Amino acid sequence: MFTLPDRRFGQMAAMTGENLGEQLLNKAASTAIRHLFSQAESVEVSIRCSPPSKLLQGSLDSFRMDGRGLVIRRQFRVETMSFETDAVAIDFAEIMQGQVRLKQTTQAVAQVVLTEADLNQAFTAELVTRRLRQLSLPSLSEQPVSFEKIQLELLRNNRVRIEALTCFADGTSVPIQFIATLALERRRRILFTQPLLDCPAIDGSTERGEACALAFVELLNGLVDLDRFDLDGVTLRLNRLETQSGRLVFSGYAQIEHFPHQG
């Protein structure tokens, strides 16, 4: 004799569908986020949706991502990056195809952590070295100037110590050293402010080294702009930065327009 499924079976089936939907979303979102980076040691996604049935309508209470060992554009490593969104509207039909599509732009609270090693590695990236070599700086020299062998040390109270070598086309070089305080401009540029110069004397004078150091500070202040490192579909803006035990911690928000298309 044929009988209709009882209510408990229907509830179990609904729960299975919801769990499946959540699993598919977790998998699709993790894959999409990994696609943002050249490398990723780990990417974890967690979704909050109460009641779970809202997921079937594509409505999420929040979406959180935690990543570690992330590499941007094959050259810039980030120790950790995390963001958590407000309510999110997604296309549930796309999830069933292994894709994540936002119905509207969403914002998220974000945190980015870089280690001292990450920062020093960034100074060796081609995108950075290209901007620090064979420069025309008439106020400093009539010949091309390059800044090389850059070493950065994170200090307390948002300060950094930087050493570098100023190299001239005639083969001469001038070592420079200074301490600066990090600051934010328009939530996207990192500035090296209040430089305290500590340059060794050259030919009995420190004036040349100090001039080189000030020129380097000016270059740095035009170099670190987040708009140059935007991820596909994600724009970062910073509200605060802080040096903490060999790490540089940024907090702010991310505007997420879309997830990248699957490779």
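In this predicted model, isoleucine 150 is buried, with a relative accessible area of 9%. The residue sits in strand β7, which spans residues 145-154. Beyond its neighbours within four places in sequence, isoleucine 150 contacts Asn120, Phe123, Leu132, Ile162, Glu163, Ala164 and Phe216. Leucine 165 lies 15 residues from isoleucine 150 in sequence. In space, the C-alpha atoms of isoleucine 150 and leucine 165 are 7.0 Å apart.

Isoleucine 150 also helps to line the second largest pocket. This pocket has a volume of about 160 Å³. Strand β7 gives the most to its lining, with five residues. Phe147, Glu148, Lys149, Ile150 and Gln151 are among the lining residues. Others include Asn120, Phe123, Thr124, Thr129, Leu132 and Arg133. Asn120, Phe123 and Leu132 thus appear in the pocket lining and in the contact list of isoleucine 150. By class, the lining of the second largest pocket has four nonpolar, four polar and three charged residues.

Lysine 149, another residue of the pocket lining, is likewise found in strand β7. Its accessibility contrasts with that of isoleucine 150: lysine 149 counts as exposed, at 68% relative accessibility, whereas isoleucine 150 is buried at 9%. The backbone of lysine 149 has a phi near 50°, a positive value in a residue other than glycine.

The overall fold comes next. The protein chain has five helices and twelve strands. Of its 263 residues, 44% count as buried. Among contacts in the chain with a separation of 6 or more, 55% are between residues 24 or more positions apart.

Enclosed space was also examined. The structure holds four cavities of 30 Å³ or more. The largest cavity has a volume of about 70 Å³. Its lining comprises Leu25, Leu60, Phe63, Thr85, Val88, Ile90, Val100, Leu102, Thr106, Ile256 and Phe259. Nine of these lining residues are nonpolar and two are polar. No charged residue lines the largest cavity, whereas the lining of the second largest pocket has three charged residues.

Charged side chains pair elsewhere. A search of the whole structure finds 13 salt bridges. One of them joins glutamate 84 to arginine 64, with the closest N and O atoms 3.3 Å apart. Glutamate 84 lies in strand β4 (residues 76-85) and arginine 64 in strand β3 (residues 62-72), so the pair ties together parts that are 20 residues apart in sequence. Both ends of this bridge have intermediate accessibility. Glutamate 84 is partly exposed at 32% relative accessible area, and arginine 64 is partly exposed at 29%.

A further salt bridge runs between arginine 68 and glutamate 79, where the closest N and O atoms are 3.1 Å apart. This pair also links strand β3, which holds arginine 68, to strand β4, which holds glutamate 79. The two residues are eleven residues apart. Arginine 68 counts as partly exposed, at 39% relative accessibility. Glutamate 79 counts as buried because its 18% relative accessibility falls under the 20% cut-off. Arginine 68 and glutamate 79 belong to a network of salt bridges that also includes Glu41, Arg77 and Asp118.

The side chains of arginine 130 and glutamate 126 meet in another salt bridge, at 3.6 Å from N to O. Here both arginine 130 and glutamate 126 are exposed.

Arginine 188 offers a buried counterpart. This residue is found in the loop between β9 (173-185) and β10 (189-197). Arginine 188 is buried, with a relative accessible area of 16%. Its side chain makes a polar contact of 2.3 Å with the side chain of aspartate 225. Not counting residues up to four places away in sequence, arginine 188 touches Val224, Asp225, Leu226, Asp227 and Arg237.

Two loops carry further backbone features. The peptide bond from serine 50 to proline 51 is cis, with omega near -5°. Proline 51 has its place in the loop between β1 (39-48) and β2 (59-60). Arginine 73 lies in the loop between β3 and β4. The phi of arginine 73 is near 55°, a positive value in a residue other than glycine. Arginine 73 is partly exposed, with a relative accessible area of 43%.

Technical notes: Residues are numbered from 1 along each chain as its sequence is written. This is a predicted model: local features need pLDDT of at least 70, side-chain atom pairs count only at pLDDT 80 or more; totals for chains, interfaces and linings use all residues. Side-chain values use heavy atoms; hydrogens and water are left out. A salt bridge is a side-chain nitrogen of Lys or Arg within 4 Å of a carboxyl oxygen of Asp or Glu. Helices (H or I, at least four residues) and strands (E, at least two) are DSSP runs, numbered from the N terminus. Buried means under 20% relative accessible area, exposed over 50%, partly exposed in between (1.4 Å probe, protein chains only). A polar contact is a pair of N or O atoms within 3.5 Å; within protein, one must be able to donate a hydrogen and the other to accept it, and residues adjacent in sequence count only if both atoms are side-chain atoms. Contact means heavy atoms within 4.5 Å. On a 1 Å grid over the protein atoms alone, a cavity is a set of points where a 1.4 Å probe fits but cannot get out, and a pocket is an open set with protein on both sides within 12 Å along at least five of seven lines; lining residues have an atom within 4 Å of a point. Grid points are joined across faces, edges and corners, and a volume is the space filled by probe spheres set on the points. Ala, Val, Leu, Ile, Met, Phe, Trp, Tyr, Cys and Pro count as nonpolar, Asp, Glu, Lys and Arg as charged, and the others, Gly among them, as polar.
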